[in-house]
Protein chains: 2
Amino acid sequence: MPGSPDVHRLTRDDRRQRSEAAILAAARQQFADAGFERTTIRGVASAAGVDPALVMQHFGSKEALFAAATRMPDEPVWGPGTSAADVPRLAIEEVLDRFEDEEGRDTALALARNCLTHPSATTAVRDDVMCDRISTMAGVIGGDDAELRAAVLNACLMGVTIARYLLELPPLASASREDVTRLLEPALAALVTAPDAD
Amino acid sequence: MPGSPDVHRLTRDDRRQRSEAAILAAARQQFADAGFERTTIRGVASAAGVDPALVMQHFGSKEALFAAATRMPDEPVWGPGTSAADVPRLAIEEVLDRFEDEEGRDTALALARNCLTHPSATTAVRDDVMCDRISTMAGVIGGDDAELRAAVLNACLMGVTIARYLLELPPLASASREDVTRLLEPALAALVTAPDAD
DNA sequence: CCTCATGGTCAACGGCTGTTGAGTCACACG
DNA sequence: CGTGTGACTCAACAGCCGTTGACCATGAGG
């Protein structure tokens, strides 16, 4: 299934890496579309044009394949000059970039699709993505309830992401990126500006 | 497994309804905890103290059992005197009520847990819950982008719900209901008040 | 050119699942 | 007191899944 027709002119290592990449791409797509339980090793292998046993030889188990397919690259860290007022816009841009990037999009979708039903995806989203984002964000916005405010902000962002890219809720899925940002930014801004007194 | 020890003193119809209720309760709990794919008919039957075949006789299929276990009661409709300013608080209260009500809580959790991976749960959440809420809410808040604003509002609310009750994100899961409402309400308020001009 | 390591395939196993049809037992009814 | 209806159980089937071990072919190394 790999593109180049003269596959035989490739070194063994290249062939191996090509197979692995094809399997990984097919796995990401199916994990993202159908979820962990409904994607089968046989289905992934068939989409990648290889034998099911090869998938096992490369990744060891379906669990390990899922872990490899959903490993997220580190996010860019915010510069030291970031102020609380910048947080909403930056957070929105980061998330939309993640889910609209042609390459790497399926990784995020595969992780998100399974975050409610697959134990290791739940842990990855809760501990590796959300908690990290929340603690660094809380450090920037400061004030009382900083952690809780950051948590609510990220939860809202996650909800919009899920509705737009996973549920495909009509008004949100078809809205332009600019409209989403324009409406969401003031709402999240209300979360970072502490009201001091009631 | 039903409580009363003198089960033999019950009419046949009562026994039947008791079995059905026990199966439904066990199914809701397992669908909510483990998701559709990881719950088995055998497991539900065992938790309900009945034979697996009885589950089939009552509900016909696993799919039908899931549909019966996740059927949500209608939401209370908003009175005609509801103003846009009331929308955020009302929406928050409704959702928190749904997920904290002792009885009926598992129904909402079972539906939410599977809304990303089970086709009919996806449809139910998107079309039967979210779309209805959005259109009635859009009618109340009015203005430009009313539908989109309502969609973003409900998406945020859904995100907080997922983070709090499903992911159990530490700062949100352990926060008090009052704190969540206090922080979330102004953020959602920013979504219903149109900024008229840019 | 010979040889071995290695990427890749094939066929099969064991286990678990949803589902079914025959059979059992107690209760309601005439 | 028969008798049949309906709730309930038992055992089994068929299919799909992840996983494995034996096997093949081909390219690298001497």
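**Entry 1, helix α8 of chain B.** I began with α8(B) and found it mostly covered, with 20 of its 21 residues buried. I note here that the model is a predicted one, and I read what follows with that in mind. I then checked the length of this helix, which takes in residues 146-166 of chain B: at 1.5 Å a residue its 21 residues should span 30 Å, and because its end C-alpha atoms lie 29 Å apart, I take the two figures to agree. Looking past the helix, I came to Glu168(B), which follows α8(B) and has a positive phi, near 55 degrees.

**Entry 2, what α8(B) packs against.** I next looked up a partner in the other chain, and recorded that helix α10 of chain A, residues 177-192, packs with α8(B) at an angle of about 65 degrees, their axes being 10 Å apart. I noted the crossing of α10(A) past α8(B) as right-handed. On the side of α10(A) I listed Asp179(A), Arg182(A), Leu183(A) and Leu184(A), which meet Leu148(B), Arg149(B), Val152(B) and Cys156(B) of α8(B). Sorting the residues of this contact by type, I had 5 nonpolar and 3 charged, with no polar ones.

**Entry 3, the interface as a whole.** I widened the search to both chains and found 49 residues of chain A in contact with 49 residues of chain B. The area buried between the two chains comes to about 4,000 Å², and carbon and sulfur atoms give 75% of that. In chain A, I saw that Leu116(A), Leu167(A) and Leu183(A) lose the most area to chain B, together 19% of what that side buries; Leu183(A) was already on my list as one of the α10(A) residues that meet α8(B).

**Entry 4, chain A overall.** I counted 10 helices and 0 strands in chain A. Its C-alpha atoms fill a box of roughly 70 × 35 × 30 Å along the principal axes, and 44% of its 198 residues count as buried. Taking the contacts within chain A between residues at least 6 apart in sequence, I found that 63% of them join residues at least 24 apart.

**Entry 5, Gly35(A).** Last, I looked up a single loop residue, Gly35(A), which is found between α1 (12-34) and α2 (41-48) of chain A. Is Gly35(A) buried or exposed? Its relative accessible area is 2%, so I entered Gly35(A) as buried, the cut-off being under 20%. Leaving out residues up to four places away in sequence, I found that Gly35(A) touches Gln30(A), Arg113(A), Asn114(A) and, from the other chain, Thr117(B). I also noted that Gly35(A) and Asn114(A) are 79 residues apart in sequence, yet 5.9 Å apart in space from C-alpha to C-alpha.

Notes. Residues are numbered from 1 along each chain as its sequence is written. Chains are lettered from A and ligands numbered from 1 in the order in which they are written. This is a predicted model: local features need pLDDT of at least 70, side-chain atom pairs count only at pLDDT 80 or more; totals for chains, interfaces and linings use all residues. Side-chain values use heavy atoms; hydrogens and water are left out. The expected span of a helix is 1.5 Å times one less than its number of residues. Buried means under 20% relative accessible area, exposed over 50%, partly exposed in between (1.4 Å probe, protein chains only). Axes are lines fitted to C-alpha atoms, for helices over the stretch in contact, and angles run from 0 to 180 degrees between N-to-C directions. A crossing is left-handed if the near helix is turned anticlockwise from the far one by less than a right angle, and right-handed if clockwise. Contact means heavy atoms within 4.5 Å. Ala, Val, Leu, Ile, Met, Phe, Trp, Tyr, Cys and Pro count as nonpolar, Asp, Glu, Lys and Arg as charged, and the others, Gly among them, as polar. Buried area is the accessible area (1.4 Å probe) that two parts lose on being put together, summed over both.
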